[in-house]
Amino acid sequence: MRLSRLATFLSSTILLAVVTTRASAQVSGTVVDSVTKKPIAGAIVKLEAQKYQTTTDAKGAFTLTGFTGAGLYVVAAKKGYYNQAKNISTPIKGVSYALDPVPFGKNKNYQFVDSKACAVCHTSQEKQWNGSPMAMAGKNTWVYDIYDGTGTPGGKGGFVYTRDSVHRKSHPASECASCHQPEPWIKSPGKALDPIGKLSKGSLHGISCEVCHKIANIDIKKPNFPGIWPGIVDFNLPSATAKHQVQYGAYADASYTLAGKMRPSYQPQMTAEICASCHQDKNDPDGNGNFEEANGIISEPTYLEWVKSPYGNPK
């Protein structure tokens with residue numbers, strides 16, 4: 001821990017030594033698609049771990065100002081592409097970024113990485129997650145009480161979906177697994193919760209690191225569909241032969257790449273929209289599979305309440 005803090009202090013000190021504010025200094029250039037060679041509009045260009053950032057215009061051009069220094073990392077990022085960093089010294093013109101599109105995979109045999117592997121580098125984050133409701137989601141006894149009454153000795157004393165729901169015959173599996181046991185659900189949408197005494201490895205993972213960091217897109221125009229509904233939440237599951245294992249994240253300036261295991265890609269929806277997947281839903285009274293119909297009742301309004309609040313619009 002002391003070595004980690006010392007390393008953080010030294011790296012911060014070094015960065016402050018080479019980065020100084022000067023409005024006249026600038027970095028300019030272009031961002032293009034590495035395959036089509038066409039300019040990428042709206043790409044973020046950011047000084048790594050600092051506040052200085054800008055976006056590209058319709059021609060993919062950018063100018064980043066406000067700082068000066070040597071040996072700086074400036075990162076270009078856009079949703080759907082891998083992030084790319086360049087080591088530069090200011091002032092400099094004609095910096096060219098060619099962003100690689102992220103291939104989209106649907107490999108049903110993809111093996112989600114155990115969160116213990118993430119802990120090698122993300123020790124504190126994994127420690128916070130381990131033992132949390134997210135980590136325990138797959139074996140939550142209260143969920144089982146509501147689903148089939150098997151969670152606790154008195155589990156059948158209240159509402160039990162498989163016994164009491166009007167949808168139990170037409171839809172016996174419900175959608176509980178889509179939020180509480182996402183790894184198996186992703187590979188087999190519509191499956192029921194595992195029997196509580198026979199939880200699979202994926203179910204025991206709960207809502208693991210990779211479940212969130214493999215989300216390529218969320219159709220936020222349909223927030224009321226329960227859980228990680230197919231076609232609403234898209235997961236990128238690379239093949240075993242994929243050159244890179246994409247890891248989506250909310251930081252446009254992430255640049256660390258581990259060959260064959262992880263390569264960062266900017267996914268701005270990982271700030272709040274990702275929460276809507278499991279924390280916003282509506283019922284489907286007629287059972288036709290459309291959870292956005294006017295005759296439905298929102299049972300969990302968390303995300304939409306947030307959007308309308310000052311927290312969802314800090315400006």
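Modeller: A residue is called buried when its relative accessible area is under 20%, exposed when it is over 50%, and partly exposed in between (1.4 Å probe, protein chains only). This is a predicted model, in which local features need pLDDT of at least 70 and side-chain atom pairs count only at pLDDT 80 or more, while totals for chains, interfaces and linings use all residues. Residues are numbered from 1 along each chain as its sequence is written, and side-chain values use heavy atoms, with hydrogens and water left out.

Biologist: What percentage of the residues in the chain is buried?

Modeller: The C-alpha atoms of the chain fill a box of roughly 70 × 50 × 45 Å along the principal axes. The chain has 315 residues, and the share of them that is buried comes to 42%.

Biologist: How many salt bridges are there?

Modeller: A salt bridge requires a side-chain nitrogen of Lys or Arg within 4 Å of a carboxyl oxygen of Asp or Glu. One of them pairs D164 with R163, whose closest N and O atoms are 2.9 Å apart. By this rule the count is five.

Biologist: Is K214, which forms a salt bridge with E210, buried or exposed?

Modeller: The closest N and O atoms of K214 and E210 are 2.7 Å apart. E210 has a relative accessibility of 2% and counts as buried. For K214 the relative accessible area is 0%, which makes this residue buried.

Biologist: How many residues apart in sequence are the parts that D253 and K46 tie together?

Modeller: D253 and K46 form a salt bridge, with 3.2 Å between the closest N and O atoms. D253 lies in the loop between strand 10 (246–249) and strand 11 (263–266), whereas K46 belongs to strand 2 (residues 44–47), so the parts that this pair ties together are separated in sequence by 207 residues. Strands (E, at least two residues) and helices (H or I, at least four) are DSSP runs, numbered from the N terminus. Both partners are buried, D253 at 11% and K46 at 13%, and the separation asked for is 207 residues.

Biologist: Which side chain makes a polar contact with that of D145?

Modeller: D145, found in helix 4 (residues 141–147), is buried yet has no salt bridge, and the nearest side chain of opposite charge, K156, is 8.2 Å away; Lys and Arg count as positive and Asp and Glu as negative, while His and the chain ends are not counted. A polar contact is a pair of N or O atoms within 3.5 Å, where, within protein, one must be able to donate a hydrogen and the other to accept it, and residues adjacent in sequence count only if both atoms are side-chain atoms. At 2.8 Å, the side chain in polar contact with that of D145 belongs to T152.
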